[in-house]
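Visitor: I'm new to protein structures, and I'd love a close look at one part of this one. Could you pick a spot, walk me through it, and then show me what lies around it?

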Protein chains: 2
Amino acid sequence: MRGWRLTAQRRVVAEVLDGDHVHLTADEVHARAVSRLPEISRATVYNTLGELVTLGEVLEVATDGRAKRYDPNAHQAHQHLICSGCGAIRDVHPLGDPVAALPADQRFGFTLSGAEVTYRGLCPDCR
Amino acid sequence: MRGWRLTAQRRVVAEVLDGDHVHLTADEVHARAVSRLPEISRATVYNTLGELVTLGEVLEVATDGRAKRYDPNAHQAHQHLICSGCGAIRDVHPLGDPVAALPADQRFGFTLSGAEVTYRGLCPDCR
DNA sequence: GCCTAGCTTGGACTTTGTCTAAGTCAATAC
DNA sequence: GTATTGACTTAGACAAAGTCCAAGCTAGGC
């Protein structure tokens with residue numbers, strides 16, 4: 001009885017994230033999950049998202065200080081480009097490793113594990 | 001009667017941010033402000049912080065999806081290094097302009113206004 | 001088919017932030 | 001100096017996002 005139990009709820013949350021809708025908030029994940037499994041609770045969605053993040057299957061992105069968003073594209077390094085007007089988010093792939101831009105004398109003894117880059121601007125529609 | 005009125009409350013909020021304590025949350029700013037001006041309200045602290053951000057005097061940093069932090073060091077471009085253990089934040093100055101790392105074919109027609117980089121790692125104390 | 005550790009549920013609770021109506025006051029005009 | 005007035009402040013209600021908990025349910029091992 002060790003290990004991770006595959007329940008209907010977890011399957012549904014995973015399926016929602018696998019869809020073509022990326023960067024959903026927890027509430028949006030819950031709304032879509034409810035349409036497939038009406039009795040699923042918010043707490044379970046939060047629990048499952050947290051587990052997926054811990055397992056490294058999903059990335060948490062805190063882009064605006066309000067709701068966190070969940071990004072299923074965790075297996076490929078990428079950064080985010082966000083429209084300051086409408087909030088649209090795109091995955092982008094900058095050149096080079098952002099971590100390399102931080103010189104040793106700016107690391108203050110930290111062991112770096114990574115860097116997140118958020119590009120901001122206006123999308124064509126908002127301009 | 002046009003323009004920006006200098007009130008005791010606004011002065012206190014500005015003074016709190018000018019101290020050596022950087023990257024405070026709104027609640028921390030409020031707590032420190034209360035110790036100088038006991039009747040100041042939370043709403044006024046939020047209002048004033050919002051105005052300072054609009055004026056470009058202070059930077060809002062959303063590092064962890066919880067409370068936003070306010071960074072008085074707005075006049076010098078810099079990025080942040082955060083300890084995954086204790087949450088400590090340091091200002092850092094990476095080499096080069098992060099915006100330059102995003103090639104044109106990755107900008108999707110956006111007009112870029114800037115980039116925020118968050119380096120993550122463990123500080124010497126947490127290791 | 002039973003058993004049980006682990007999962008789910010609903011609701012209370014917390015944290016962070018916003019809004020509003022009413023009262024107050026800084027800066028200008030006189 | 002005083003009156004005026006529109007911007008500012010206040011307390012508290014409200015809202016959004018997320019966490020916690022006790023009670024009940026269930027997948028998977030036996």
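**A close look at A:L6**

Guide: Let's start with one residue: A:L6 has a relative accessible area of 60%, and a value over 50% counts as exposed, so A:L6 is an exposed residue. Keep in mind as we go that this is a predicted model. Along chain A, A:L6 sits in the segment before α1, the helix that covers 8–18. A:L6 also has partners on the surface: together with A:W4 and A:L55 it makes up a nonpolar patch. The accessible area of these three residues adds up to about 350 Å².

Now let's step back to the chain that carries this patch. Chain A contains three helices and six strands, and going along the sequence they come in the order α-β-α-α-β-β-β-β-β. Of the 127 residues in chain A, 35% are buried. The chain exposes about 7300 Å², with carbon and sulfur atoms supplying 50% of that area. If you drew a box around the C-alpha atoms along the principal axes, it would be roughly 50 × 45 × 25 Å. Among the contacts in chain A with a separation of 6 or more, 43% join residues 24 or more positions apart.

Chain A is also split into two domains: domain 1 spans 8–71 and domain 2 spans 79–126. Taken over C-alpha atoms, the centres of these domains lie 23 Å apart. Where the domains of chain A touch, five residues of domain 1 are in contact with five residues of domain 2. Between them they bury about 460 Å², and carbon and sulfur atoms give 59% of it. No salt bridges are found across this domain interface.

Our last stop is the place where chain A meets chain B. The size of an interface is often given as the accessible area lost when the parts come together. For chain A and chain B, that buried area is about 3300 Å², with 59% on carbon and sulfur atoms. On the chain A side, A:F110, A:E116 and A:Y119 lose the most area to chain B, and together they account for 19% of what that side buries. The contact involves 40 residues from chain A and 39 residues from chain B. Two salt bridges are found across this interface. You can look for A:E116 once more here, as its side chain meets that of B:R120 in a salt bridge, at 2.6 Å from N to O.

Key
Residues numbered from 1 in each chain as written. Chains lettered and ligands numbered in written order. Predicted model: local features only at pLDDT ≥ 70, side-chain atom pairs only at ≥ 80, totals over all residues. Heavy atoms only, no water. Patch = residues over 30% accessible without salt bridge, like charges linked within 9 Å, V, L, I, M, F, W, Y side chains within 5 Å. Areas by Shrake-Rupley, 256 points an atom, 1.4 Å probe, with all protein chains shown as cover. Salt bridge = Lys/Arg side-chain N within 4 Å of Asp/Glu carboxyl O. Helix = DSSP H or I, 4+ residues; strand = E, 2+ residues; numbered from the N terminus. Buried < 20%, exposed > 50% of the residue type's maximum accessible area, 1.4 Å probe, protein only. Domains from an automatic or database assignment. Contact = heavy atoms within 4.5 Å. Buried area = accessible area lost by both parts, 1.4 Å probe.
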